[in-house]
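Work through these exercises with the sequence and the model side by side. Try each task before you read its solution.

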Amino acid sequence: MAESLSFDPIRFFLKGIKYAFGGLFALYLIFAVVNVVDEGEKAVILTFGEISDTWDPGLHVKLPLVQSIETYSLRVQKATFGESNYPHGEDEDILTAYSNDQQIIESYALSMTWSYDGNRVADVYKHFGSDRSGAVFNSVVRPTVVQVTKAILGQYTAQTIVQERAKLDTAIEDSLKKQLANLPINILSVQFEDVSFSEKYEEVLEQTAQKKMEIEKAQNELQRIQIETQQQVAQAEARNKAIKLQADAEAYQIEVKAKAEAAAIRMRGDALRENPRLVELTIAEKWNGSVPQTVVQGTEGNSIVPLMNLTHTK
């Protein structure tokens, strides 16, 4: 009885180790079997190195030691071409080209926003493998980007490259989508971030821009003078119109007055014809009762004869 109740520390220690290893093995199996794919990601399942399935976001179970997982983000990413990404500042990633008018583009930079095609995530593994740094993506996509941009830049003059950047971006984007259609990626947008011409051409552009500003300034000045001239002409026409209106008003007033006087004369003439003694009546109405003191006699009117004094004296 005493032997069965005795404590054996070595045996207890060995049991503890056994349970600990059992717990660790259980945790290992849990983490090795249970896998979580985050939202915005998709996973490729490899069974002995061969693609056997793809997983959407959620909780999944795999066979430990038999299956492995490669997870890819489906979120929008940005790749830049034409900038030196090397640690020592080498110029391996400087892109150059020629414009349609044979101007040298000493360097240019292009950015591309893209994402993996979630419907072709198995092809993502086939083309890019377990690339985490983006080096494989850059090595696969960059040659096509360089080839397309050089070809399209050669279709534009230097001036249109500078002035019609949006049109250039659209042309490159459409061409890249066609050229990279076999890859499991979605190209969302392409944009030129920098274009540098030779110093000589930069000076020509600056001089051209300066001349353009001077021409625009001269045109604005000419427009200002034309507007002022038009205003002066309008003011003069307004004054002439006012003078004409005033003259027309005065002429109309004179015409009305003349017509009124003519009408009055006609009325007096009609009245005289209808009443012959109207003149005698008018004279009588205006006579003040006085008579002439003298009269003229003779055929030549050179003899003045006094009349009899008819004035009554008191």
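**Exercise 1. Unusual backbone angles**

Task: Decide whether F48 is buried or exposed, and find what sets its phi apart.

Solution:
- Start with accessibility. F48 has a relative accessibility of 68%, so F48 counts as exposed.
- Locate the residue. F48 sits in the loop between β2 and β3.
- Recall the usual case. Most residues other than glycine have a negative phi.
- Now check the angle. F48 is not a glycine, yet its phi is positive, about 55 degrees.
- Repeat for Q102. Its phi is near 65 degrees, again a positive value in a residue other than glycine.
- Q102 is found in the loop between β7 (95-98) and β8. Its relative accessible area is 58%, so Q102 is exposed.

Remember that this is a predicted model. The angles are computed from its atoms.

**Exercise 2. The whole protein**

Task: State how many helices and strands the protein has, and what share of its residues is buried.

Solution:
- Count the elements. There are 7 helices and 11 strands.
- Take the buried share. Of the 314 residues, 21% are buried.
- Look at the surface. The protein exposes about 23,100 Å², and carbon and sulfur atoms supply 57% of that area.
- Look at the contacts. Take those between residues at least 6 apart in sequence: 64% of them join residues at least 24 apart.

**Exercise 3. One helix, two sides**

Task: Test the length of helix α5. Then find which of its residues are buried and which are exposed on the other side.

Solution:
- Work out the expected span. Helix α5 covers residues 165-179, which is 15 residues, and at 1.5 Å a residue it should span 21 Å.
- Compare with the model. The end C-alpha atoms are 21 Å apart, so the two values agree.
- List the buried residues of α5: L168, D169, I172, E173 and L176.
- Check their directions. They cover an arc of only 130 degrees around the axis, which puts them on the same side of α5.
- Apply the rule for helices. An α-helix has 3.6 residues a turn, so residues three or four places apart point the same way.
- Turn to the other side of α5. A166, K167 and K178 are exposed there.
- Ask what covers the buried residues. The cover includes β8 (104-116), α3 (135-153), α4 (158-163) and β9 (185-197).

**Exercise 4. A residue in β9**

Task: Find which residues Q191 contacts, leaving aside its neighbours within four places in sequence.

Solution:
- Place the residue. Q191 lies in strand β9.
- Classify Q191. At 47% relative accessibility, Q191 counts as partly exposed.
- List the contacts. Q191 touches A109, L110, S111 and D169.
- Check a distance to α5. The C-alpha atoms of Q191 and L168 are 8.6 Å apart, although 23 residues separate the two along the chain.

**Exercise 5. Salt bridges**

Task: Say how many salt bridges the structure holds, and what the K42 pair ties together.

Solution:
- Recall the principle. Side chains of opposite charge can pair when their charged atoms come close.
- Give the total. The structure holds 10 salt bridges.
- Take one pair. K42 bridges to D56, with the closest N and O atoms 3.4 Å apart.
- Place both ends. K42 lies in strand β2 (residues 41-47) and D56 in the loop between β3 (50-55) and β4, so the pair ties together parts 14 residues apart in sequence.
- Classify both ends. K42 is buried at 14% relative accessibility, and D56 is partly exposed at 44%.
- Take another pair. E193 and K78 meet at 3.1 Å, N to O. E193 is in strand β9 and K78 in strand β6 (residues 77-81), distant parts of the chain 115 residues apart.
- Classify these ends too. E193 is partly exposed at 36%, and K78 is exposed at 54%.
- Look for a network. Salt bridges link R120, D123 and K126.

**Exercise 6. A nonpolar patch**

Task: Find which residues form the nonpolar patch on the surface.

Solution:
- Name the members. V34, V36, L59 and V61 form the patch, with about 390 Å² of accessible area together.
- Find their strands. β1 (34-37) and β4 (58-61) each supply at least two residues.
- Check one member. V34 is in β1 and is partly exposed, at 34% relative accessible area.

Notes:
Residues are numbered from 1 along each chain as its sequence is written. This is a predicted model: local features need pLDDT of at least 70, side-chain atom pairs count only at pLDDT 80 or more; totals for chains, interfaces and linings use all residues. Side-chain values use heavy atoms; hydrogens and water are left out. Patches are made of residues with over 30% relative accessible area and no salt bridge: like charges are joined within 9 Å, nonpolar side chains (Val, Leu, Ile, Met, Phe, Trp, Tyr) within 5 Å. Accessible areas come from the Shrake-Rupley method with a 1.4 Å probe; for residues, only the protein chains shown count as cover. A salt bridge is a side-chain nitrogen of Lys or Arg within 4 Å of a carboxyl oxygen of Asp or Glu. Helices (H or I, at least four residues) and strands (E, at least two) are DSSP runs, numbered from the N terminus. Buried means under 20% relative accessible area, exposed over 50%, partly exposed in between (1.4 Å probe, protein chains only). Contact means heavy atoms within 4.5 Å. The expected span of a helix is 1.5 Å times one less than its number of residues. The arc is that of the directions from the helix axis to the C-beta atoms.
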